[in-house]
Amino acid sequence: MMLQKEYIQPNEGFSQVVVVETETTKTLHISGQIGAGNDLESQTIATFKNLGEMLQEGNATFNDVVKMNTYIVNFNPEVDLPIFRKVRKDFLGEQNYPASTLVGVTVLGNRNWLIEIDAVAVIEKK
C-alpha cells in the first residue's frame, strides 16, 4: 500500500491540514482551528466556520469528520457546554456525531483564544 501526503496551507512549524491518501481513501488531519470574537459563543461559531473551510479545501464536509478534539479555556460545564453543543449542532446536525473529546485548559497558544478544535475526516478517494 502506497501512502501519499499533501500539505495544505503550511505555516511556520505546522500545516493547517495534512492529507494522507491510500488507493481508496483520503484522511484529513486538521490542525487546531480558532476563531475571533469577544466571547465563547462568537469564537466557537468562527472556529467551526474555519474548520469548515479546511474541510472544504480537502473536498470534505462535516459529515466526513470521524474524530474531533475541543479545548476550551477555563471550562465551566454548566455554562460553556450548552453554548458549545448549540453551535456544534448548528454545524454538524443532530445525529451521527464524530468521536469527540472536550478538555478544559488553562490557556491556549494565544491568551485571547477561548476555544480550539482539531479534527480528522475520512473520505473516499475519487
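These are my notebook entries on a predicted model of a single protein chain.

**Entry 1. Overall fold**

I began with the secondary structure and counted 2 helices and 6 strands in the chain. Reading along the sequence, I noted the order β-β-β-α-β-α-β-β. I then looked up the radius of gyration, which is 15 Å; the globule rule gives 14 Å for 126 residues, so the chain is as compact as a globular protein of that length. For the extent of the C-alpha trace along its principal axes, I recorded about 45 × 35 × 20 Å.

I next asked how contacts are distributed along the sequence. Taking contacts between residues at least 6 apart, I found that 65% join residues at least 24 apart.

**Entry 2. Surface and charge**

What share of the chain is buried? I recorded 37% of the 126 residues as buried. The exposed area of the chain is about 7,600 Å², and I noted that carbon and sulfur atoms supply 49% of this area.

I also looked up the charged side chains, and the chain has 11 positive and 16 negative ones. The centres of the two sets lie 3 Å apart.

**Entry 3. The largest nonpolar core**

I turned to the interior. In soluble globular proteins, nonpolar side chains tend to be buried together. The largest nonpolar core here holds 22 residues, and I listed Leu28, Phe48, Leu51 and Leu55 as the members that touch the most others. I then checked which elements give two or more residues to this core: they are the strands β2 (15-21), β3 (25-33), β4 (65-73) and β6 (115-124), together with the helices α1 (40-57) and α2 (77-92).

I followed Leu55 in detail. Which residues does Leu55 touch, apart from those up to four places away in sequence? I found Leu28, Ile30, Ala60, Thr61, Phe62, Val65 and Ala121. Leu28, itself listed with Leu55 among the members that touch the most others, is thus one of the residues in contact with Leu55.

**Entry 4. Two polar residues in strands**

I looked up Thr27, which is in strand β3. Its relative accessibility is 17%, so Thr27 counts as buried, the cut-off being under 20%. Leaving aside neighbours within four places in sequence, I recorded contacts of Thr27 with Val18, Val19, Val20, Val120, Ala121 and Val122. Ala121 also appears in my list for Leu55.

Glu21 lies in strand β2. Is Glu21 buried or exposed? I noted a relative accessibility of 13%, and Glu21 therefore counts as buried. I also took a distance from Glu21 to Val79, which is 58 residues away along the chain; their C-alpha atoms are separated by 40 Å.

**Entry 5. Asparagines with positive phi**

I searched for unusual backbone angles. Most residues other than glycine have a negative phi, and most peptide bonds are trans. Asn59 has a positive phi of about 60° although it is not a glycine. I located Asn59 in the loop between α1 and β4, and its relative accessible area is 60%, so Asn59 is exposed by the cut-off of over 50%.

Asn96 has a positive phi of about 55°, and it is not a glycine either. I found Asn96 in the loop between α2 and β5 (99-105). Its relative accessibility of 72% places Asn96 among the exposed residues.

**Entry 6. Two further loop positions**

Gly58 is also in the loop between α1 and β4. How accessible is Gly58? I recorded 2% relative accessibility, and Gly58 counts as buried, whereas Asn59 in that loop is exposed. From Gly58 to Ile83 I noted 25 residues in sequence and 28 Å in space, C-alpha to C-alpha.

Last, I looked up Glu12, in the loop between β1 (4-10) and β2. Glu12 is exposed, with a relative accessible area of 81%; Glu21, by contrast, counts as buried. I took the distance from Glu12 to Lys89, 77 residues away along the chain, and their C-alpha atoms are separated by 33 Å.

Methods: Residues numbered from 1 in each chain as written. Predicted model: local features only at pLDDT ≥ 70, side-chain atom pairs only at ≥ 80, totals over all residues. Heavy atoms only, no water. Core = buried A, V, L, I, M, F, W, Y, C linked by side-chain atoms within 4.5 Å. Buried < 20%, exposed > 50% of the residue type's maximum accessible area, 1.4 Å probe, protein only. Helix = DSSP H or I, 4+ residues; strand = E, 2+ residues; numbered from the N terminus. Contact = heavy atoms within 4.5 Å. Rg over C-alpha atoms; globule rule 2.2 N^0.38 Å. Areas by Shrake-Rupley, 256 points an atom, 1.4 Å probe, with all protein chains shown as cover. Lys, Arg positive; Asp, Glu negative; His and termini not counted. Charge placed at Lys NZ, Arg CZ, Asp CG, Glu CD.
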